[in-house]
Amino acid sequence: MRTITLSDPDDFDGWRDAARGLVASGIAPEEVIWQVGDTPADLFAAPAEAPPAAGKLTVPRAFIDLARSVVLSADPERFSLLYTALDRLQREPKLVEDHADPLIRRLEGLAKAVRRDIHKMRAFLRFREVEEEGMPRFVAWFEPEHHIVRTNAAFFLNRFASMRWSILTPALSLHWDGTTLTEGPGARKADAPEGDPVEEVWKTYYASIFNPARVKIGAMLKEMPRKYWKNMPETLLVSGLIAGAQARESGMIETARASIGGNSRIAWEALRDEAAGCTRCPLYKPATQTVFGQGPVDAAMMFVGEQPGDQEDLAGMPFVGPAGQMFDRALAQAGIDRSRTYVTNAVKHFKFEPRGKRRIHAKPDGGEIEACRWWIEQETALIRPKMTVALGATAARSLFGRVMTIGRERGRVLTLANGGAAWITVHPSYLLRLPDKALAEEEYGRFVEDLKAAYAAIG
């Protein structure tokens, strides 16, 4: 066994020079142990200098670029994995192009994590001003996941060349005096300043521009995990701002509606008129017309069905056929006034198969549902119902953007991507198709109870 010692955790040049000599000498990957500085290695391995490379070693440029990133990873096996790939490249010249290969896939995963960490440092590092010998110096604290500090130095030099700064991290520190960049030992968070007067101004500005209507908590946390919050002044405000976002948003909407009057209705009418000319999928060609939603624009409940049927297609209104009549009867038994609800469909055109003079209902496919999701999203954004009820699997798929199982999800309040409450139940046409009368009556009773529960959940 041979132990190759590298000077630093990000010593790409040292790894490259050693690897060249090892490959040229035919040293197998399993015979080499890589270590950094005084890091403990295999007790039975003999320290060794890598043999000098004999001749020119040619590898694809893509591998060099991949290796430069992987070397910065915190994975302790990174040098060994890279050497294994380099050894295989001598026999498999196109190995780096095989993205399905387990080794290449793992190396690409390490490189991706490194690139993400580089981006996080650039995006979430915050300088704070301190006075040093009567002159300002800007100090920042950051805790990288990988060995990216030296690699990122050029970015901060170019961006902040005119000011004196220090970046402190647990492993090492960088110091720029306006002329020379120097390295120092690692630091503690306590060595960085807690804040400065400019932060208070910035926090006031950030709070004033924070828009509750545009908050997407999941996306924000994916891009900016909570571990970075403690080093950024504005993120100290985020929890409180998010907590009050919904109330502020509701207040903004009510104020707008009160001051503008019928603006929501005007917007809905414009949306309906636009939908009348919809050609997002081929269903518009054989259909008589677009069947848009119907009901007050301030409805507390919104019902979404599958698609218009034969009678709806001719009348241009949702739920007026046999299923609509059963729906009306169930609503009445549940104590819900249909005239105060908004009723629409996931798909706005009638899909059918001609059988002589009859038009037989055909189930919409995934592409047709997706094509019509834009209309549902716009209707929901305008109506802003307190409860949205999906009538059947097609409606549920449209609202949630994925296949939903009615049996598993039925009977409880769910949450939509926009934060609104939702309920899933069967479509009234399902009840009409049940051949057994006793079962049909039982299922109808369950349907009415679903409507009651969804209505009661509004509060």
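Helices H1 and H3 are oblique to each other. In this predicted model, the axes of H1 (residues 12–24) and H3 (residues 78–89) come within 11 Å and cross at roughly 45°. An angle counts as oblique when it falls outside the ranges for roughly parallel, roughly antiparallel and roughly perpendicular, and the last of these ranges runs from 65 to 115 degrees. The crossing of H1 and H3 is right-handed. H1 contributes Trp15, Ala19, Leu22 and Val23 to the contact, and H3 contributes Phe79, Leu82, Tyr83 and Leu86.

H1 also has a place in the connection between two strands. Strand E1 (residues 2–6) pairs with strand E2 (residues 32–36) in the parallel sense, over five bridges. Within this pairing, Thr3 has Ile33 of E2 as its bridge partner. The chain passes from E1 through H1 to E2, and this β-α-β crossover is right-handed.

These elements belong to a chain with 17 helices and 15 strands. Of its 459 residues, 44% are buried. Among the contacts with a separation of 6 or more, 71% are between residues 24 or more positions apart.

Further along the chain, a hairpin introduces another group of strands. Strand E4 (residues 127–132) and strand E5 (residues 135–141) pair in the antiparallel sense over six bridges. Glu131 stands opposite Pro136 in E5. Two residues lie between the strands of this hairpin, in which Glu133 takes a positive phi near 55°. E5 is mostly covered, with five of its seven residues buried.

On E5 the pairing continues with strand E6 (residues 165–168), to which E5 is joined by four bridges in a parallel arrangement. Here Trp141 has Leu168 of E6 as its bridge partner. To get from E5 to E6, the chain crosses through helix H5 (residues 149–159), and this β-α-β crossover is right-handed. E6 in turn pairs with strand E7 (residues 172–176) in the antiparallel sense, over four bridges. Leu168 is again involved, with Ser173 in E7 as its bridge partner.

How are these strands ordered in the sheet? The sheet is open and has five strands in the order E4-E5-E6-E7-E8, with mixed pairing. E4 and strand E8 (181–185) each have a single partner strand and stand at the edges, so one side of each is left without a neighbour in the sheet. On average, neighbouring strands of this sheet are turned by 25° against each other, direction ignored. H5 packs on the sheet, where it touches E4, E6, E7 and E8, and the direction of H5 makes about 20° with that of E7.

A second open sheet of five strands has the order E10-E9-E13-E15-E14, and its pairing is also mixed. Strand E10 (342–345) and E14 are the edge strands, each pairing on one side only. Helix H13 packs on this sheet and touches E9 and E10, its direction making about 170° with that of E10. Within the sheet, E9 and E13 run parallel and are joined by four bridges. The bridge partner of Val304 in E13 is Ala390.

Helix H14 (residues 393–400) has six of its eight residues buried, so it is largely enclosed by the rest of the structure. The buried residues are Thr394, Ala395, Ala396, Ser398, Leu399 and Phe400. Their cover includes E9, H13 (366–383), strand E13 (387–391), strand E14 (414–415) and strand E15 (421–425). H14 lies across E9, E13, E14 and E15, and runs at about 135° to E13. Gly401 follows H14 and has a positive phi, near 75°.

Burial also occurs outside helices and strands. Val291 is placed in the loop between helix H10 (263–275) and strand E9 (301–305). Is Val291 buried or exposed? Its relative accessible area is 0%, and Val291 is therefore buried, since buried means under 20%. Leaving aside residues up to four places away in sequence, Val291 touches Pro308, Glu312, Asp313, Gly316, Met317, Pro318 and Lys348. Val291 and His349, which are 58 residues apart in sequence, are 6.3 Å apart in space, C-alpha to C-alpha.

Methods:
Residues are numbered from 1 along each chain as its sequence is written. This is a predicted model: local features need pLDDT of at least 70, side-chain atom pairs count only at pLDDT 80 or more; totals for chains, interfaces and linings use all residues. Side-chain values use heavy atoms; hydrogens and water are left out. Buried means under 20% relative accessible area, exposed over 50%, partly exposed in between (1.4 Å probe, protein chains only). Two strands pair if DSSP finds at least two bridges between them. A crossover is right-handed if, with the strands pointing away from the viewer, the path from the first strand over the helix to the second runs clockwise. Axes are lines fitted to C-alpha atoms, for helices over the stretch in contact, and angles run from 0 to 180 degrees between N-to-C directions. Contact means heavy atoms within 4.5 Å. Angles under 35 degrees count as roughly parallel, over 145 as roughly antiparallel, 65 to 115 as roughly perpendicular and the rest as oblique. A crossing is left-handed if the near helix is turned anticlockwise from the far one by less than a right angle, and right-handed if clockwise.
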